[in-house]
Amino acid sequence: MATVTTQKAKAQSSAIAKAKKNNVSSIYIYKGVDRKGNRIQGEINGTSAAIVKAQLLKQGISAKTVNKKPKPLFGSGKKAIKPADIAVFSRQMATMMKAGVPLVQAFDIVADGLENPSLKDLVLNIRDDVASGTGFAPSLRKHPKYFDDLFCNLVEAGEQSGALETMLDRIATYKEKTEALKSKIKKAMTYPIAVIVVAIVVTGILLVKVVPQFAETFSSFGADLPAFTLFVLHLSELAQKWWFLILVGMAGSFFLFKEAVRRSPSFAYVVDKYVLRIPIVGKILYLSVMARFARTLATTFAAGVPLIDALTSVAGAAGNRIYKDAILKVREDVSTGIQLNTALRTSSLFPTLLVQMSAIGEESGALDEMLDKVAVYYEEAVDNMVDSLTSLLEPMIMSVLGVLVGGLMIAMYLPIFQIGQVV
């Protein structure tokens, strides 16, 4: 009997080891009983049925059946997990921990209140890892798509120092501020881009559908047409003949540009360099980089992360390759014993306010507080610049639309006006 039990244990261990080696996670549906004998069922992530049973056993659940969840015929249909969703998750976890709720139970409470099924599955997956004995930070590191090194490092620091609830609160504040800043930048960019796209579409429709009607009328005039009208008619013929290739070319150019930025560091560096020189927009992006730098460094330094390590995280969160390289250079200088404010001043890419506030913070021993004030200042500056940009762009965009649509209409009516003058 003992030999049979030993063989079964070896077989189960072999299956678990094989599943871990494959390391392909799937969702499993289980049914079983808990320690009190109550029937229970649910879903859990795992690499195999054997590992799922072992995980459930650690949670006090004796699984009777464990089956892989079938995939939907036409895809999952679930919402994507956005950075804003991670910010909400961070805040809810911070609130639960501050209220004294145990970590595993906090995951259950947070998951029950989530409307995004994908985020709910992610939270339950992390809960299962934590419940099986894995640390919070290592569980998060299994999902690098949603939790970056900065997030994981801060959670790890909180676990090690025994102040996880305080660290989660700082992370939540950081994520909320960061997402608010991103939202302002998107607000500044989305409106003009949307209007430009609409203007291109309207112009294309006029060239393909409206102008040809006028061209048929002009063919019966038997007189020379104005140069402006001829130019528009040629554009119309080009649009009618090659409209599909033009659309494919525009879409292809956009795709190639994105791929070039993603795959070529040198090209991306040049793009980031010249983006900062765009009037008004470049200023907004510059201020957002400074706000992100101050906010990230304040959060990491306040969490007890050494300054050199904190600067590494800040460089990764800079959002601009010019300043990423500059921050890494500052990190090298600080690692040789140079003060932060001196390294920032030497770089010449950072504003005087940031340098001076860093110097005050280092002298007073309150660097995180000074950087937090700098972050608030630049975040407010971004907000004001976005409002100003929106007010400035409205009349400019209306002027562009007027020139495009009005110019086409004038080109079509010029021959008619000339005939009226002759008559």
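Angles between helix axes under 35 degrees count as roughly parallel, over 145 as roughly antiparallel, 65 to 115 as roughly perpendicular and the rest as oblique. In this predicted model, local features need pLDDT of at least 70 and side-chain atom pairs count only at pLDDT 80 or more, while totals for chains, interfaces and linings use all residues. Residues are numbered from 1 along each chain as its sequence is written, and side-chain values use heavy atoms, without hydrogens or water.

Helices α3 and α4 (DSSP runs of H or I, at least four residues, numbered from the N terminus) pack at an angle of about 130°, with axes, fitted to C-alpha atoms over the stretch in contact, 10 Å apart. The two helices are therefore oblique to each other.

In α4, Leu103, Ala106, Phe107, Val110 and Ala111 are buried, that is, under 20% relative accessible area with a 1.4 Å probe, protein chains only. Seen down the axis of α4, these residues fall within an arc of 130° (taken from the directions from the axis to the C-beta atoms), so they line one face of the helix. Their cover includes the following helices, in contact through heavy atoms within 4.5 Å.

| Helix | Residues |
|---|---|
| α3 | 83-98 |
| α5 | 117-131 |
| α6 | 136-141 |
| α8 | 164-218 |

The largest nonpolar core (buried Ala, Val, Leu, Ile, Met, Phe, Trp, Tyr and Cys residues joined through side-chain atoms within 4.5 Å) has 83 residues, of which Phe136 and Phe350 touch the most other members. Helix α16 (residues 367-422) gives the most to this core, with 12 residues.

Key:
Buried < 20%, exposed > 50% of the residue type's maximum accessible area, 1.4 Å probe, protein only. Axes fitted to C-alpha atoms, helices over the stretch in contact; angles between N-to-C directions.
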